[in-house]
Amino acid sequence: GPIVVEFMSFGCPHCRAMQPVLASVAAKLAGKIAVYQVSVDAEPALAASHQITGVPTFVMYQNGRIVGRANAAPQAAGLEAALKKPFGI
């Protein structure tokens with residue numbers, strides 16, 4: 001099914017500020033989209049293989065294929081729309 005991976009860093013102030021927004025959106029989309037986080041500090045090779053140049057970056061997958069990318073949106077509505085768009089939800 002649809003999967004969203006947030007590439008983030010615990011040392012990033014934007015990532016920390018995004019946490020409550022992402023938690024709210026993930027709860028709202030539960031059962032429709034699975035949301036995961038990957039620390040670019042803990043998984044630098046994975047981040048490099050996905051050409052992550054800034055955090056937070058969201059990568060959307062459908063059936064194992066990348067179908068979209070988005071940078072952080074400051075409001076929950078903007079983030080929710082960005083995460084749902086590639087899946088047509």
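**Two cysteines, two cores and two buried polar residues**

Cys15 is buried, with a relative accessible area of 1%. That value, like the others here, comes from a predicted model. Cys12 is also buried, at a relative accessible area of 9%. Do these two cysteines form a bond, or are they too far apart? The sulfur of Cys12 has the sulfur of Cys15 as its closest cysteine sulfur, at 3.0 Å, which is too far for a bond. A disulfide needs the two sulfur atoms within 2.5 Å, so the pair does not qualify. Seen from the other side, the closest cysteine sulfur to Cys15 is that of Cys12, again 3.0 Å away and too far for a bond. A search of the whole structure turns up zero disulfides.

The next subject is the nonpolar interior. The largest nonpolar core has 13 residues, and the members that touch the most other members are Val4, Phe58, Met60, Leu79 and Leu83. Which elements give two or more residues to this core? They are helix 1 (13-29), strand 3 (57-62) and helix 3 (76-84). Helix 1 gives the most, with five residues. Apart from this core lies another, of eight residues, including Val5, Val38, Val40 and Tyr61.

Met60, one of the core members named above, shows what such a residue touches. Setting aside neighbours within four places in sequence, Met60 is in contact with Ile3 and Val4, with the run Arg65, Ile66, Val67, Gly68, Arg69 and Ala70, and with Ala82, Leu83, Pro86 and Phe87.

Buried positions can also hold charged or polar residues. Glu6 lies in strand 1, which covers residues 3-8. How far from Glu6 is the nearest side chain of opposite charge? That side chain belongs to Arg16 and is 11 Å away; Glu6 is buried yet has no salt bridge. A salt bridge requires the charged atoms to be within 4 Å. Not counting residues up to four places away in sequence, Glu6 touches Met18, Gln19 and Leu22, then Tyr36, Gln37 and Val38, and also Pro56, Thr57 and Phe58. Phe58 is among the well-connected members of the largest core, while Val38 belongs to the other core.

Ser39 lies in strand 2, residues 34-39. Is Ser39 buried or exposed? Its relative accessibility is 13%, so Ser39 counts as buried. A polar atom of the Ser39 side chain lies 3.2 Å from the backbone nitrogen of Asp41. Leaving aside neighbours within four places in sequence, Ser39 is in contact with Met8 and Phe10.

How values were computed:
Residues numbered from 1 in each chain as written. Predicted model: local features only at pLDDT ≥ 70, side-chain atom pairs only at ≥ 80, totals over all residues. Heavy atoms only, no water. Buried < 20%, exposed > 50% of the residue type's maximum accessible area, 1.4 Å probe, protein only. Helix = DSSP H or I, 4+ residues; strand = E, 2+ residues; numbered from the N terminus. Lys, Arg positive; Asp, Glu negative; His and termini not counted. Contact = heavy atoms within 4.5 Å. Core = buried A, V, L, I, M, F, W, Y, C linked by side-chain atoms within 4.5 Å. Polar contact = N/O pair within 3.5 Å; in protein donor to acceptor, adjacent residues only side chain to side chain.
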